[in-house]
Amino acid sequence: MENTINNVPLSWRHIKIVAIASLGQLIGTGLATLVSVIIPLYQLTAHPELSSGMQGLVGAMNLLGIVVGSVVIGKLSDQYGYLLFFRLCPILVCAASFVALFFPSISVLIVCLFIMGVGIGGEYSLDSDYISSLMPDKWKSVMVGVAKAASALGNIGVAGACFLIVSHWTNPDLWPRLLWIIIAISGLMIVLRIRFWESPKWLASHGRNKQAAMAVEKFLGDEVGLSSEGKSADTPKAVRESWGTFIGHNWKKVIFTGVPWACEGLGVYGIGVFLPILVMALGIEHVASEGATISHVANSVEITLWISCIILPGFVLGLLLLNKVDGVRMQILGFIMSALCLSLLLASYYLHWDKWISIGAFMGFELFLNMGPHLMTYILPSKVYPEQIRGQGSGMAASIGKVGAVLGVFFIPILLKSGGTDSVLIVSIIVMLVGGLVTWIFKSRRQVGQ
C-alpha cells in the first residue's frame, strides 16, 4: 500500500513540523505571562499608579490583537495560503517587541501589545491547520494536542526567566528589558520558518495538485504521496464567505467551538495575566509585610511559577486520555473540576486556611483546566470544520475564545478593586460552569452537524 499523508508512520519529520508550528502557542502564553509581571512592576514606577481600568487595558491589548489576528489572518490564509502568514506572524511580534523595548512608555506598550497579539492570533489559526493537514490520521488529534501543550512551556519558561531576572533587580524601571525574552522566541521562529513550505492540503483544495505533491515530498520525503482525496479532481476550493454568511451556515459549530473557548479563556488569560496580583491579594506570598515592594512582586512571580508548573502535567494527562476518553466529555469534566477547585480556593480565602491549601487549589484549577477545556477547545475546530473552511473556522473559534479572555482580563482588576478577591473567584466559578453547560448542550454530532 502506498504511503500517503494519511497513513504514513510517524517520523522525525512530523515531530519537526509539530515543534516549529507549536512555537506560536508557546509565545502566546509566554507573552501573557510576561504582561502579568510587567503590570505590577510598572505599578511601582507610575505616578500616579495605574488605575484598575488601565491595568485591564494593558492586560487585554495583546488579546484584542489576537481576536483581530485570528479572524483576519485565518480567513486570508484560506484564500492566499498558509505559508505567507506563517512567516509574517513572528515578524510582527518581533518588530513590535523591539519598538516597545526602545520606546518604553505605557502608550507605546499598549499599541505594541496589540500588534504582537495580531501576530499571535494568526499563529493560533495557522499552527493547528498545518499540523492537522500533515499528520497521519492516527496521530492527528494527539499532535494538535501536543502543539497546544507547548503553551505550558511558554507559561513555565517565561515565568521562570522573569523570576530569575526580577529577583536580582532593585529597580522596577528596568521592566522593558523583559521584552528580550519575546524577541528571542520570535527570532527563533523566524529563522526556523525560512525553510518551510506551503500546506499540501491547502494547495490540493485549490486544485494545485502538482505543487501539493512537491510540498509533501519536501515535508515528508519522496516516499510519501498526497492522499487520494487530495488528488481528486473535484476537490472543493476554499469557500470565500462573509463572516455573517459563515456564521449563518455554521452557527452550531461556531457556538460549540467558540463559546466554551471563551469561558476557558477567562481562566487561562483572565486569571493568568493577573495571577501574581491575585497571589498578593489572596495573601499567599511568603514575604514579610515590611519587605521591599519589588520583593513582593518577585515572590508572587515565584509562586506563579510553582502554579504554572502544573500546567504541563495537565496537558500530558489530557493527551494520554485523548484516545481513550471522549474529548467532549473531558472538556465538560475539566470545566466542572476547575469550578470545584476555585470553590475550594474561595473557601480557603474566606476561612483563612493555610496558604498551601490555596496554592494546591490553584494547582488543581490549572491541572483540570489544561487537561480538559484548554486542550480540547484547541483541538475541536480542526475536527469540526472541513479543510476548505478550516482556517476561517479555527480563526472564528480562536477569536471568540479571545473575546472571553479580553473581557476577563479587562474586568478582573475592576472586580478586584470594587468587589474584592472573592468577587473575582465567584465570577470565575460561574464562567467555568457555563462553559461546561454549553459543551454539554452542543455535544452530540447531530447538534454540531456537518
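**An aromatic cluster and the surroundings of Asp127**

In this predicted model, one aromatic cluster is formed by Tyr82, Phe86, Tyr130, Phe196, Trp197 and Phe219. A search of the whole structure returns 14 aromatic pairs. Among them, Tyr82 and Tyr130 pair in an edge-to-face arrangement, with 5.6 Å from centre to centre and 70 degrees between the planes. Tyr82 belongs to helix 3 (residues 82–102) and Tyr130 to helix 4, so this pair ties together parts that are 48 residues apart in sequence. Both partners are enclosed by protein: Tyr82 counts as buried because its relative accessibility is 0%, and Tyr130 is likewise buried, with a relative accessible area of 0%.

A second edge-to-face pair is formed by Trp197 and Phe219, whose centres are 5.5 Å apart and whose planes make an angle of 85 degrees. Trp197 is located in the loop between helix 6 (179–192) and helix 7 (200–205), whereas Phe219 is part of helix 8 (residues 209–220); the pair therefore ties together parts that are 22 residues apart in sequence. The burial of these two residues was also computed. Trp197 has a relative accessible area of 22% and is therefore partly exposed, the limit for a buried residue being under 20%. Phe219, at 4%, is buried.

Charged side chains are also found over aromatic rings. Arg193 lies over the face of Phe86, at 3.6 Å from the ring centre; Phe86 is itself one of the members of the aromatic cluster. Lys148 is placed over the face of Tyr124, with a distance of 5.3 Å from the ring centre.

Helix 4, which contributes Tyr130 to the Tyr82 pair, spans residues 106–134 and also holds Asp127. The relative accessible area of Asp127 is 0%, and this residue is therefore classed as buried. When residues up to four places away in sequence are not counted, Asp127 touches Ala21, Gly24, Gln25 and Tyr378. With Gln25 there is, in addition, a polar contact of 3.1 Å between the side chains. A further spatial relation concerns Val18: Asp127 and Val18 are separated by 109 residues in sequence, while the C-alpha to C-alpha distance in space is 8.3 Å.

Conventions. Residues numbered from 1 in each chain as written. Predicted model: local features only at pLDDT ≥ 70, side-chain atom pairs only at ≥ 80, totals over all residues. Heavy atoms only, no water. Helix = DSSP H or I, 4+ residues; strand = E, 2+ residues; numbered from the N terminus. Buried < 20%, exposed > 50% of the residue type's maximum accessible area, 1.4 Å probe, protein only. Contact = heavy atoms within 4.5 Å. Polar contact = N/O pair within 3.5 Å; in protein donor to acceptor, adjacent residues only side chain to side chain. Phe/Tyr/Trp six-rings, centres within 6.5 Å; stacked < 30°, edge-to-face > 60°. Lys NZ or Arg CZ within 6 Å of the ring centre and 35° of its normal.
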